[in-house]
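Biologist: I have a model open and would like to go through the reasoning behind its labels. Could you take me through it?

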Amino acid sequence: MSGPTATGEYGYTPAALPNMVALCARQRPKDLLFIDGLSHYFRPGRILEIGAGCGQLSELLAAKGWDVTASDVQPFLVEYMASRGLKARVLGALDLASLIERPYENILAQSI
């Protein structure tokens, strides 16, 4: 098999981070609308964002007072999110059952 599922890289490398960050900045107005429209559907409690990338949605949710954990399969993205003050962890969507140690009341998987 070829492609992202075979390599585990999903097309992202640390060299892509500056472009990803710039894209997230350009998408911020759309992301604000998305979070404003979606957040009233969340149950009280914690949110796990799967495939958070740069963590822009998790940042917006945290700014609204939610207890958010951002996750991504790429360690360099998790390091970036943590450097911005987010709770972040390496987590692959295919490994959720074995890697989540506590229940989350809400799961957001907008980018996967």
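Modeller: Gladly, and keep in mind that this is a predicted model.

Biologist: Then let me start with the whole chain: what percentage of the 112 residues of the protein chain count as buried?

Modeller: The share is 37% of the 112 residues. To be counted there, a residue must have under 20% relative accessible area.

Biologist: What elements make up the protein chain, and in which order do they run?

Modeller: There are 5 helices and 4 strands. Starting at the N terminus, they follow the order α-α-β-α-β-α-β-α-β.

Biologist: What makes the chain as compact as a globular protein of that length?

Modeller: The radius of gyration is 14 Å, and the globule rule gives 13 Å for 112 residues; the two values are close, so the chain is as compact as a globular protein of that length. As for extent, the C-alpha trace spans about 40 × 35 × 25 Å along its principal axes.

Biologist: And what does the chain expose?

Modeller: About 6500 Å², with carbon and sulfur atoms supplying 59% of that area.

Biologist: On to charges. How far apart are the mean positions of the positive and negative charges?

Modeller: They are 6 Å apart, taken over 10 positive and 11 negative charges.

Biologist: How many salt bridges does the rule give?

Modeller: The count is 5 salt bridges. The background is simple: side chains of opposite charge can pair when their charged atoms come close.

Biologist: Why is the pair of Asp 67 and Lys 87 called a salt bridge?

Modeller: The cut-off from nitrogen to carboxyl oxygen is 4 Å. The closest N and O atoms of Asp 67 and Lys 87 are 2.1 Å apart, which is within 4 Å, so the pair qualifies. This pair links distant parts of the chain, with Asp 67 in strand β2 and Lys 87 in strand β3, 20 residues apart.

Biologist: Why are Asp 67 and Lys 87 called partly exposed?

Modeller: Partly exposed lies between the 20% and 50% limits. Asp 67 has a relative accessible area of 32% and Lys 87 has 41%, so both fall in that range.

Biologist: How do you know that Arg 46 and Glu 105 form a salt bridge?

Modeller: Their N to O distance is 3.8 Å, and the limit is 4 Å, so the pair passes. Arg 46 sits in strand β1 and Glu 105 in the loop between α5 and β4, 59 residues apart.

Biologist: Asp 31 and Lys 30 also meet in a salt bridge, at 2.9 Å. Why is Asp 31 called buried?

Modeller: Asp 31 has 3% relative accessibility, and buried means under 20%, so the label holds. Its partner Lys 30, at 43%, is partly exposed.

Biologist: Which residues of helix α4 are buried, and what covers them?

Modeller: The buried ones are Phe 76, Leu 77, Val 78, Tyr 80 and Met 81. Their cover includes α2, β2 and β3. Just after α4, Gly 85 takes a positive phi of about 90°.

Biologist: Last one: what makes Pro 103 exposed?

Modeller: Pro 103 has a relative accessible area of 62%, and exposed means over 50%, so Pro 103 earns the label. This proline lies in the loop between α5 and β4.

How values were computed: Residues numbered from 1 in each chain as written. Predicted model: local features only at pLDDT ≥ 70, side-chain atom pairs only at ≥ 80, totals over all residues. Heavy atoms only, no water. Helix = DSSP H or I, 4+ residues; strand = E, 2+ residues; numbered from the N terminus. Rg over C-alpha atoms; globule rule 2.2 N^0.38 Å. Buried < 20%, exposed > 50% of the residue type's maximum accessible area, 1.4 Å probe, protein only. Areas by Shrake-Rupley, 256 points an atom, 1.4 Å probe, with all protein chains shown as cover. Lys, Arg positive; Asp, Glu negative; His and termini not counted. Charge placed at Lys NZ, Arg CZ, Asp CG, Glu CD. Salt bridge = Lys/Arg side-chain N within 4 Å of Asp/Glu carboxyl O. Contact = heavy atoms within 4.5 Å.
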